[in-house]
Amino acid sequence: MSRPTLQAFLATARNALRAPPAQRPKPLTFVVGNESADLDSLCCAIVYAYIRSHTGHHALHIPLSNLPRADLGLRPEMAAVLQHAGLAARDLVTLSELPDPLQPEDTRWLLVDHNCLTGPLKRFRDQVVGCVDHHVDEGALPAGIEPRVIEPCGSCMSLVVDECRPAWTQLLQAQDLEAAPARGAAAADLLPPGEQDRLVKLALAPILLDTVNLTAEAKVRPKDPQAVRFLEAQIREPGFSTTRYYELISAVKEDVSGLSLRDIFRKDFKQWDEAGLSLGISCVVQGFEYLLEKAGTKHVFLAELAAWADERKLDVAAVMTTSHPGGNFHRQLLVWGLTDRGKAAIGRFGDVGRPLGLEQWEDGALDGDDGDGGNTRFAWRQANLAASRKQVAPLLREALREKK
């Protein structure tokens, strides 16, 4: 049986949500990434949902991009990857397309790239039936869900590829070792022409970006190169190079010149509630030097960050940066306590954050408080280059919990 193109599949998913309530599939099954909606989350949702929907007699799985449609413009790297997959941003299913009302009991959720529903989807937590993730296990999911894959890896997509490898083999190589010979199945019966390369490119992109083309030794786990080798073997495009593909999408991702500071802070943003406090972490693909130059002055930069923190009602705001000055990989971290309890939490972070190898940035150029005992902030160079938000967020959340 011929499988649909990725574009046709996404159209089917949107139409399922647009249908009158009585005509919708029940339950609606969603595959969703985390609320930062980075490339890994967005691609994992599409790839996993497509494979699950077309193998193993599964029902339609709807890949949900965990952001409003208006925010898709903040992700030019996703637009670039979608183009290679024969797609455009308009093809995605976003939070803006969710039916209202949508009762939790009428839904099922599979999580990719996170293991606890947060934000506007928090009310669906009890309907989670599966998870594939590479973050710290938050203990929010029951043991009996299937799949329940939560383990360290450079990219969540590598875990998706590993989890779905039998189905990938069936779908991409157009053969099911037991059933195909009897059916006389042919490659053209499974995927339309060109769709194999598009699906593989959609899967390769986040792995290559998250592992710096498999060169980030501190991040790469065995399943990352295994996944890349598996996917490379499926590419039919003559002369395709993973290195050139990585360089293309990496250049797009690191260009934030067209974004305002507010948009830079919210582009890759995650928020947690911990011990009655609200923590938000913005990940930025340029260093403090770039952000200060863009702002024009330190005062403007801090005012913009304070405004974003106020908009999100944060007790603690953090900015994590990655950059490559002189071809060397750098990480920086700024944390800012914006309430009395947030300030106290930042004081505790000095102890719990020791594994990060924090060193004062530029002689304290961004450190300080508001002069009346209120806000407190610190900026550091992070010597532990392996610690991304996956490792920093749990440490900050620990600092938010007051010691008894």
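Here is a quick walk through the sheet, the helices around it and the confidence of this model.

**How far to trust it**

Keep in mind that this is a predicted model. The average pLDDT over the chain is 91, and 93% of the residues score at least 70. The stretch to be wary of is residues 175-189, where pLDDT stays under 50. For that stretch the model has 14 contacts beyond four places in sequence.

**The sheet**

What order do the 6 strands of the open sheet take? Reading across, they go β3-β2-β1-β4-β5-β6, and the pairing is parallel. At the edges sit β3 (93-94) and β6 (148-150), each of which pairs on one side only.

Now for one pair inside that sheet. Strand β1 (residues 28-32) runs parallel to strand β2 (residues 61-65), and 4 bridges join them. If you want a spot to click on, try valine 31: its bridge partner in β2 is proline 63.

**Helices lying on the sheet**

Helix α1 (residues 6-18) lies across β1, β2 and β3, and it runs at about 90° to β2. Helix α2 lies across β1, β2, β4 (107-112) and β5 (128-133), and its angle to β2 is about 175°.

**Two helices that pack on α8**

Helix α8 covers residues 195-210, and here is how α2 and α3 sit against it:

| Helix pair | Axis distance | Angle |
|---|---|---|
| α2 (residues 39-54) and α8 | within 9 Å | roughly 150° |
| α3 (residues 76-84) and α8 | 8 Å | about 155° |

Take α2 first. Its axis crosses that of α8 at roughly 150°, which makes α2 roughly antiparallel to α8, as angles over 145 degrees count that way. The crossing of α2 past α8 is left-handed. On the α2 side, the contact uses Leu39, Asp40, Cys43, Ile46, Val47 and Tyr50. Facing them in α8 are Leu199, Leu202, Ala203, Ala205, Pro206, Leu209 and Asp210. Sorted by class, this α2 contact with α8 has 11 nonpolar residues, no polar ones and 2 charged ones.

Then there's α3, which packs on α8 at an angle of about 155°. That makes α3 roughly antiparallel to α8. Val81, Leu82 and His84 of α3 make the contact with Arg198, Lys201, Leu202 and Ala205 of α8. By class, the α3 contact with α8 comes to 4 nonpolar, 1 polar and 2 charged residues.

Which α8 residues should you look at for both helices? Leu202 and Ala205 of α8 appear in the contact with α2 and in the contact with α3.

How values were computed
Residues numbered from 1 in each chain as written. Predicted model: local features only at pLDDT ≥ 70, side-chain atom pairs only at ≥ 80, totals over all residues. Heavy atoms only, no water. Axes fitted to C-alpha atoms, helices over the stretch in contact; angles between N-to-C directions. Parallel < 35°, antiparallel > 145°, perpendicular 65-115°, else oblique. Left-handed = near helix turned anticlockwise from the far one by under 90°. Contact = heavy atoms within 4.5 Å. Nonpolar A, V, L, I, M, F, W, Y, C, P; charged D, E, K, R; others polar. Pairing = 2+ DSSP bridges. pLDDT = per-residue confidence, 0-100.
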